[in-house]
Amino acid sequence: MLHEKSCGAIVYRRFHGNIEILLIKHINSGHWSFPKGHVEPDETETETAKREIKEETSIDVMIDPTFRETVTYSPRRDTVKVVVYFLAKARNVNFVPQEGEIAEIRWVDLAHAVNLLTYENDKTIVAKAKTAIKERR
């Protein structure tokens with residue numbers, strides 16, 4: 001059994017009194033999710049999340065390690081993948097999609113994100129993130 005690990009974050013910003021989160025659409029699969037990627041050797045989970053967000057979107061973030069949610073699934077036969085998600089506050093808001101990987105990026109109102117997200121696991125994480133973000137006002 002192969003084991004893979006990725007880290008990413010629910011990146012948010014406050015915009016005109018609303019909370020928006022950053023969603024990305026992958027070129028290969030066409031699904032909407034959060035920025036994430038594989039852990040490099042000697043890299044912490046938060047370092048991976050920060051690096052991957054920057055690579056995929058050109059956005060710098062402040063990671064909140066107190067919010068940590070995991071999703072486990074099997075992307076292929078004989079493979080188990082664990083994805084660790086944090087909360088991350090955007091330091092800048094202008095994004096640039098990573099060429100060859102990201103088809104589209106959108107800032108989406110937190111209340112409407114579930115309508116765009118592809119997977120139920122992601123929708124569950126958004127619900128948890130919504131509560132956590134509101135606690136950080």
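Among contacts in this protein between residues at least 6 apart in sequence, 67% join residues at least 24 apart, where contact means heavy atoms within 4.5 Å. The model is a predicted one: local features need pLDDT of at least 70, side-chain atom pairs count only at pLDDT 80 or more, and totals for chains, interfaces and linings use all residues. Residues are numbered from 1 along each chain as its sequence is written, and side-chain values use heavy atoms, with hydrogens and water left out.

**Overall build**

- You can find three helices and seven strands here; these are DSSP runs, numbered from the N terminus, with at least four residues for a helix (H or I) and at least two for a strand (E).
- Walking along the sequence, you meet them in the pattern β-β-β-β-α-β-β-β-α-α.
- The radius of gyration is 14 Å, which agrees with the value near 14 Å for a compact globule of 137 residues; it is taken over C-alpha atoms, and the globule rule is 2.2 Å times the number of residues to the power 0.38.
- A box of roughly 45 × 30 × 30 Å, taken along the principal axes, is filled by the C-alpha atoms.

**Surface and charge**

- Of the 137 residues, 45% count as buried; buried means under 20% relative accessible area, exposed means over 50%, and partly exposed lies in between (1.4 Å probe, protein chains only).
- About 7,500 Å² of the protein is exposed, and carbon and sulfur atoms supply 48% of that area; accessible areas come from the Shrake-Rupley method with a 1.4 Å probe, and for residues only the protein chains shown count as cover.
- There are 21 positive and 21 negative side chains, and the centres of the two sets lie 6 Å apart.
- In that count, Lys and Arg are positive and Asp and Glu negative, while His and the chain ends are not counted; each charge is placed at NZ of Lys, CZ of Arg, CG of Asp or CD of Glu.

**Two residues in helices**

- Look for Arg 51 in helix H1, which covers residues 45-57.
- The side chain of Arg 51 reaches the backbone oxygen of His 38 at 2.9 Å, and a polar contact of 2.9 Å joins the side chains of Arg 51 and Glu 52.
- A polar contact is a pair of N or O atoms within 3.5 Å; within protein, one must be able to donate a hydrogen and the other to accept it, and residues adjacent in sequence count only if both atoms are side-chain atoms.
- Beyond its neighbours within four places in sequence, Arg 51 is in contact with His 38, Glu 40 and Glu 43.
- Asp 122 belongs to helix H3, residues 120-135, and is buried because its relative accessible area is 4%.
- Leaving aside neighbours within four places in sequence, Asp 122 is in contact with Trp 32, Ser 33, Phe 34, Tyr 85 and Leu 117.

**Residues in the loops**

- His 16 sits in the loop between strand E1 (2-15) and strand E2 (18-26), and at 70% relative accessibility it counts as exposed.
- The phi of His 16 is near 50°, a positive value in a residue other than glycine.
- Asp 78 also has a positive phi, about 65°, although it is not a glycine; its place is in the loop between strand E5 (61-73) and strand E6 (79-90).
- Ser 74 is found in the loop between E5 and E6, where its side chain reaches the backbone oxygen of Arg 76 at 2.9 Å and the backbone oxygen of Thr 79 at 2.8 Å.
- Ser 74 and Glu 4 are 70 residues apart in sequence, and their C-alpha atoms are 9.6 Å apart in space.
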